[in-house]
Amino acid sequence: MQEDLEQRTVSVSIQAAKLSGRVLRSAIAAVLQKMEQERTTPKVGRNSMKRLTCKDPGANTIEVSGRIRSFERYARKHQVRYHIEKELGTDPPKWTVYFKANQADALTAAFKEYTQKDLARSARPSLLSQLHKFKELAQALGRDRVKNKEHGGPER
């Protein structure tokens with residue numbers, strides 16, 4: 001039973017000429033109200049669906065396929081409040097991004113920057129293909145050097 005309980009500590013600083021029960025009660029009420037407000041207000045970045053739709057249930061969606069981590073970086077940069085859910089059973093994986101309607105401009109900017117980087121990434125060749133090409137080039141140069149030595153070609 002003891003391991004199920006959690007201990008939390010809250011520090012409250014009160015400046016008053018005379019500390020009475022009323023002052024202490026109002027200070028604790030203010031702290032509890034602030035904690036509740038922080039718990040229900042969506043923070044910038046990734047949120048739970050409950051926190052995102054707490055005050056206003058209307059959330060818009062966008063589907064993202066590919067690299068979701070890089071999208072999250074741009075969403076935080078543009079201060080978008082969002083929630084991500086993965087669609088099960090799809091290959092490649094797809095995610096649904098929920099966001100608030102009042103954040104549409106920020107999300108559009110984040111999505112635009114994300115797609116530009118994603119297109120640039122897909123246009124450049126992969127590191128493995130470049131390594132394979134250089135490996136073949138090195139093997140060809142080695143074969144040419146061996147042929148030159150066998151035929152008595154110029155030595156370096």
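Start with the aromatic rings: select every Phe, Tyr and Trp, and take two rings as a pair if their centres, for Trp that of the six-membered ring, lie within 6.5 Å (planes under 30 degrees apart count as stacked, over 60 as edge-to-face and the rest as tilted); by this rule the count comes to 0 aromatic pairs. What you have open is a predicted model, in which local features need pLDDT of at least 70 and side-chain atom pairs count only at pLDDT 80 or more, while totals for chains, interfaces and linings use all residues. Residues are numbered from 1 along each chain as its sequence is written, and side-chain values use heavy atoms, with hydrogens and water left out.

Next, select Phe134 together with Lys133, whose charged end sits over the ring of Phe134 at 5.9 Å from its centre; the term requires NZ of Lys or CZ of Arg within 6 Å of the ring centre and within 35 degrees of the ring normal.

Now colour the chain by pLDDT, the predictor's confidence in each residue on a scale from 0 to 100. The mean for the chain is 78, and 87% of its residues reach 70 or more. Switching to a cartoon shows 5 helices and 4 strands, taken as DSSP runs numbered from the N terminus (helices H or I, at least four residues; strands E, at least two), and their order along the sequence is α-β-α-β-α-β-β-α-α. Among these elements, helix 1 has the highest mean pLDDT, 88, and strand 1 (residues 45–46) the lowest, 72.

Select Lys77 and Glu113, which form a salt bridge with the closest N and O atoms 2.8 Å apart. Glu113 lies in helix 4 (residues 104–123) and Lys77 in helix 3 (residues 68–77), so the pair ties together parts that are 36 residues apart in sequence. The structure holds 1 salt bridge, a term that means a side-chain nitrogen of Lys or Arg within 4 Å of a carboxyl oxygen of Asp or Glu. Glu113 counts as buried at 18% relative accessibility, whereas Lys77 is exposed at 55%; buried means under 20% relative accessible area, exposed over 50%, and partly exposed in between (1.4 Å probe, protein chains only).

Move on to Ser48, in the loop between strand 1 and helix 2 (49–52), which counts as partly exposed at 39% relative accessibility. Adding Glu85 to the selection gives a pair 37 residues apart in sequence and 9.9 Å apart in space, C-alpha to C-alpha.

Finish at Val10, in the segment before helix 1 (21–40), where the residue is partly exposed with a relative accessible area of 48%.
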